[in-house]
Amino acid sequence: MRIITFETSDALAVQCADIFAELLRSAGAPVLGLATGASPVPTYKELIRRYKAGEISFRNATTFNLDEYCELPKNDKNSYFSFMHEQLFDHVDIKEENVHILNGNAPDLKAEAQSYEARIRSAGGIDLQLLGIGTNGHIGFNEPDNKFTKETFVVELAQSTVKSNSIYFTDGAMPKHAITMGIGTIMAARKIVLIATGRSKAAAIRKTVLGDVTPACPASILQFHPDVTLLLDEAAASQI
Ligand code: PGA
């Protein structure tokens, strides 16, 4: 695990955007695994800035998002479909047909999960997976459990996740289920970058880096991945 600490979230975002830019500039068709939540927003802003400055292009890129809520219309302001379009896709030259976001309203969610895995495989696998981390150590929506998950599946969200994310659901109840890449899907990415900022993430980062590898802290599995970089601010790194 490579760990880099930054004084500001802007400096962190520049470094994260550098990692994306290197891949986007390489020949071929990069496959990006993307994340939602507050953590990646400064990185997406920096990527948009670089796209507008003519430094990078997404025209050959394919993207797969980590997760999506169930029981929430695709165009709801809190869906991850809406989030990704507002925060990144609407501002860059990504081709809509190359954007993959799980359909949390699919009539057969199991079939949706299997088709997502098949789409990732047929794209050649994920080159670079961006992750945030929950205060409970979740990655994607893989909540603490007694076993590591494998492929994309439907999950009941943990109480702590509902509490953290309810702040966004000002005019209605937050969904209690989501569909998410599994730990196996995430671990199959060739390169992983995890972003964490703020003191609320410090304990989860300590367990991820220094704790046992256990499904009680899903992010701890990253200790077994050959190419993981943690980009942290000083508050998130304060317990390691
Ligand atoms: P956050 O969420 O970036 O909004 O803190 C991260 C996560 O829960 O995975």
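**The ligand and its pocket**

In this predicted model, the side chain of His-138 places an N or O atom 2.7 Å from an oxygen atom of the ligand. The protein covers 80% of the 280 Å² of accessible area that the ligand has on its own. Two other polar contacts turn up here as well. Ser-39 brings a polar side-chain atom to 2.5 Å from a ligand oxygen, while Ala-38 joins in through its backbone, with a polar atom there sitting 2.8 Å from an oxygen of the ligand.

So who else is around? Besides Ala-38, Ser-39 and His-138, the residues around the ligand are Gly-37, Gly-132, Ile-133, Gly-134 and Lys-201. Sorted by class, this shell comes out as 2 nonpolar, 5 polar and 1 charged residues.

Zooming out a little, the ligand takes up space that turns out to be the largest pocket. About 720 Å³ of space lies in this pocket, and 35 residues line it. Nearest to the centre of the pocket are Thr-36, Gly-37, Ala-38, Asn-165 and Tyr-168. Three elements give two or more residues each to the lining: strand S4 (67-69), helix H3 (80-87) and helix H5 (159-165). Of these, H5 supplies the largest share, with 4 residues. As for the make-up of the lining, it has 17 polar residues, 14 nonpolar ones and 4 charged ones.

Gly-37 and Ala-38 show up in both views: they are among the residues around the ligand, and they also belong to the group nearest the centre of the largest pocket.

Note on methods:
Residues are numbered from 1 along each chain as its sequence is written. This is a predicted model: local features need pLDDT of at least 70, side-chain atom pairs count only at pLDDT 80 or more; totals for chains, interfaces and linings use all residues. Side-chain values use heavy atoms; hydrogens and water are left out. A residue is near a molecule or strand if one of its heavy atoms lies within 4 Å of it. A polar contact is a pair of N or O atoms within 3.5 Å; within protein, one must be able to donate a hydrogen and the other to accept it, and residues adjacent in sequence count only if both atoms are side-chain atoms. Accessible areas come from the Shrake-Rupley method with a 1.4 Å probe; for residues, only the protein chains shown count as cover. On a 1 Å grid over the protein atoms alone, a cavity is a set of points where a 1.4 Å probe fits but cannot get out, and a pocket is an open set with protein on both sides within 12 Å along at least five of seven lines; lining residues have an atom within 4 Å of a point. A molecule sits in a cavity or pocket if more than half of its atoms lie within 2 Å of its grid points. Ala, Val, Leu, Ile, Met, Phe, Trp, Tyr, Cys and Pro count as nonpolar, Asp, Glu, Lys and Arg as charged, and the others, Gly among them, as polar. Grid points are joined across faces, edges and corners, and a volume is the space filled by probe spheres set on the points.
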